[in-house]
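Visitor: I've got a few minutes before my gel is done. Could you walk me through this one, question by question?

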Amino acid sequence: QTPGGLYEPWHASHIIDEVLGPAAGSLPLVDYVPQYGGLLGLPLVPVSGLVAQDVAGWVTAYMSLLSILTVVLLCAIAALMLPPGRRMLAPLLILPGLLMKPTEPGALFPPGLQGLYQALPGRSLLPAAVGLVLLLAVHRPAWRTRWLWVGATAGIAALNNFESGVPASLAAVVVIVALRNWRALAAFAGAWMAVPVIYTLAVLASGGRPRFDYWIAFTVEFAGGFGTLPMPVYGNFVLILAVLTASTASGFAVLCRSARDQPSVAAVGGFFFGAWGLMMFPYYVTRSSSFGQLQFFLIPASLAAVWLLVCAVEVARAPRRGRFVNLGLLLCVLPSAVFLSGLIKAPSPADEWLRLSGLHGDIAEFRSTAWVPEPVVGRAQAADISAAAAGAEGPVGVFFSSGNIASLESGYPNAAVLAAPEEMLPNRPWVETRETDTGNASFRRMQCQSLQSSPLNTVIADARLARALQCPGFRHERGQGNLVVVTRRGT
């Protein structure tokens, strides 16, 4: 993906700002509440100075690299699940689901997974790594430390993103229990628990204070109606749920009957990805659509379908009984539907060229998380921030949409706990029931607690977002242009 190819800016801008948090000096679960996960941004810390010089170029290249790595992991997992001699088919079975586009070629919306690429690693990279390490642990029993690696990877995935990492961890636990390997379970649990302990000690050593209520904040808020979106009665998720359920049930049955030291690698993959998808699904109920992030269930569904295809081939090889339709061929229908639907609805090369070249026009603009299309804070606005901060009681922070980018551009720390602080406004502009908009009260409380406990005495805020900073102990003063200066009382 190129900086000019950001033609799906809504999810992209949130994820990009969270990934840039560590480079801007903000740590996830300490300084801000991650929705998609901020641990993936830690590798950018050593090059934070270079990132600040070209934010768009660095972050799009980095997210592209993570997305490519995710696809490679998924293909490697599918290859392990397929029989020897057929593993070269893995890309043909995985890529169609990733390229699926639920609209006609040339239409920009809905964008499909290839347009939502920024969210691909945030929700899938680390769980895919858990699945790969789990399959390798089963595939190579001589690897003595294998279960420690599985537990550590699962712990990192869970810490990075609650709603996808915790289901992946639970799915791995059930696999180990089904294999009746209690030593492996103990090693897994020890390594898993070591991850948050090490992160906590590292944060405390750096002078921060971990806030693990941030870890489940979005899950709790969505459960309380923060982002309600009615799901359609019927959609592609019906097929996906059928595939995930069939994969989980059949994989578990095979695992329970297999020997502990020689389990089926394909069955482990089928159960893990089926269970991961099913346990992740409740988070999206009433808050997504078939054209939205429900499409990400095509990722576990594709791997679950690989297992079902392996099962179907085994059944097809068995001796036929009677004159009825071959059961193996009948079973092939379910996984084939996932693969073929992706091929039928694949995007056109012309559409992909527009995406890569950035010729989509204004919609390809590198923009902030604001609810109205606008660019991120740039050099000119950073100069206005510096002018407003001149003479103010320090330390000074900033409060803007895509606040971590604003921090990198201006040099002042980000004071916002959300990548999209407009989601903390008392009356969100896009919510129909504005008079009774109480779905984000917890976020506003977290924001005020963070500001009150911070060393900041002055915050330069976007005037449209200043209402989210109505915190006890602070007063608002009108600044230059579109800025509001928020100062601590008594300074």
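Visitor: Leaving out residues up to four places away in sequence, which residues does Asn414 touch?
Guide: Keep in mind that this is a predicted model. Asn414 lies in the loop between helix H16 (403–410) and helix H17 (441–453). A contact here takes heavy atoms within 4.5 Å. With sequence neighbours up to four places away set aside, the residues touched by Asn414 are Ser26, Val398, Gly403, Asn404 and Ser407.

Visitor: Does Asn414 count as buried or exposed?
Guide: The cut-off for buried is under 20% relative accessible area. Asn414 has 11% relative accessibility, so the label is buried.

Visitor: Which side chain makes a polar contact with the side chain of Asn414?
Guide: There are a couple of partners to sort out here. The side chain of Asn414 reaches Ala416 at 3.1 Å, but there the partner atom is the backbone nitrogen. The side-chain to side-chain polar contact, at 3.2 Å, is with Asn404.

Visitor: On to the loops. What is the phi of Leu29?
Guide: Leu29 sits in the loop between H1 and helix H2 (48–53). With 2% relative accessibility, Leu29 is buried. Leu29 is not a glycine, yet its phi is positive, at about 65°.

Visitor: And where is Ser402, a residue other than glycine with a positive phi?
Guide: Phi of Ser402 is near 55°. Ser402 counts as buried because its relative accessibility is 1%. Along the chain, Ser402 belongs to the loop between E1 and H16.

Visitor: Which peptide bond is cis, with omega near -5°?
Guide: Look at the loop between helix H15 (379–389) and strand E1 (396–399), where Pro395 is placed. The cis bond leads into that proline, running from Gly394 to Pro395.

Visitor: Let's do helices. Which backbone oxygen lies 2.7 Å from a polar atom of the Ser302 side chain?
Guide: Ser302 is part of helix H12 (residues 298–317). Its relative accessible area is 2%, so Ser302 is buried. The backbone oxygen at 2.7 Å from its side chain belongs to Leu298.

Visitor: How far apart in space are Val306 and Ala266, C-alpha to C-alpha?
Guide: Val306 lies in helix H12 too, and at 0% relative accessibility it counts as buried. Val306 and Ala266 are 40 residues apart in sequence. In space, their C-alpha atoms are separated by 8.4 Å.

Visitor: What about His11 and Ala119, how far apart are they in space?
Guide: His11 lies in helix H1 (residues 9–19). Its relative accessibility is 22%, so His11 counts as partly exposed. The pair is 108 residues apart in sequence, and the C-alpha to C-alpha distance is 7.0 Å.

Visitor: Which residues does Leu185 touch, not counting those up to four places away in sequence?
Guide: Leu185 is in helix H8 (residues 182–205) and is partly exposed, with a relative accessible area of 24%. Its C-alpha atom is separated by 8.8 Å from that of Gly151, 34 residues apart along the chain. The contacts of Leu185 are with Val173, Ile176 and Val177.

Visitor: Now a pocket. Which residues lining the second largest pocket are closest to its centre?
Guide: The second largest pocket has a volume of about 540 Å³. It is lined by 21 residues. Closest to the centre are Val30, Asp31, Ser450, Ser454 and Pro455.

Visitor: How many residues of that pocket's lining are charged?
Guide: Asp, Glu, Lys and Arg are the ones that count as charged. The lining of the second largest pocket has nine nonpolar and nine polar residues. The charged ones number three.

Visitor: Zooming out, what share of the chain's residues is buried?
Guide: The chain holds 17 helices and four strands. It exposes about 20600 Å², and carbon and sulfur atoms supply 66% of that. Of its 491 residues, the buried share is 56%.

Visitor: Last one: among contacts between residues at least 6 apart in sequence, what share joins residues at least 24 apart?
Guide: Here the pool is the chain's contacts between residues at least 6 apart in sequence. From that pool, the share joining residues at least 24 apart is 69%.

Conventions:
Residues numbered from 1 in each chain as written. Predicted model: local features only at pLDDT ≥ 70, side-chain atom pairs only at ≥ 80, totals over all residues. Heavy atoms only, no water. Helix = DSSP H or I, 4+ residues; strand = E, 2+ residues; numbered from the N terminus. Buried < 20%, exposed > 50% of the residue type's maximum accessible area, 1.4 Å probe, protein only. Polar contact = N/O pair within 3.5 Å; in protein donor to acceptor, adjacent residues only side chain to side chain. 1 Å grid on protein atoms, 1.4 Å probe; cavity = no way out; pocket = protein on both sides within 12 Å on 5 of 7 lines; lining within 4 Å. Points joined across faces, edges and corners; volume = space filled by probe spheres on them. Areas by Shrake-Rupley, 256 points an atom, 1.4 Å probe, with all protein chains shown as cover.
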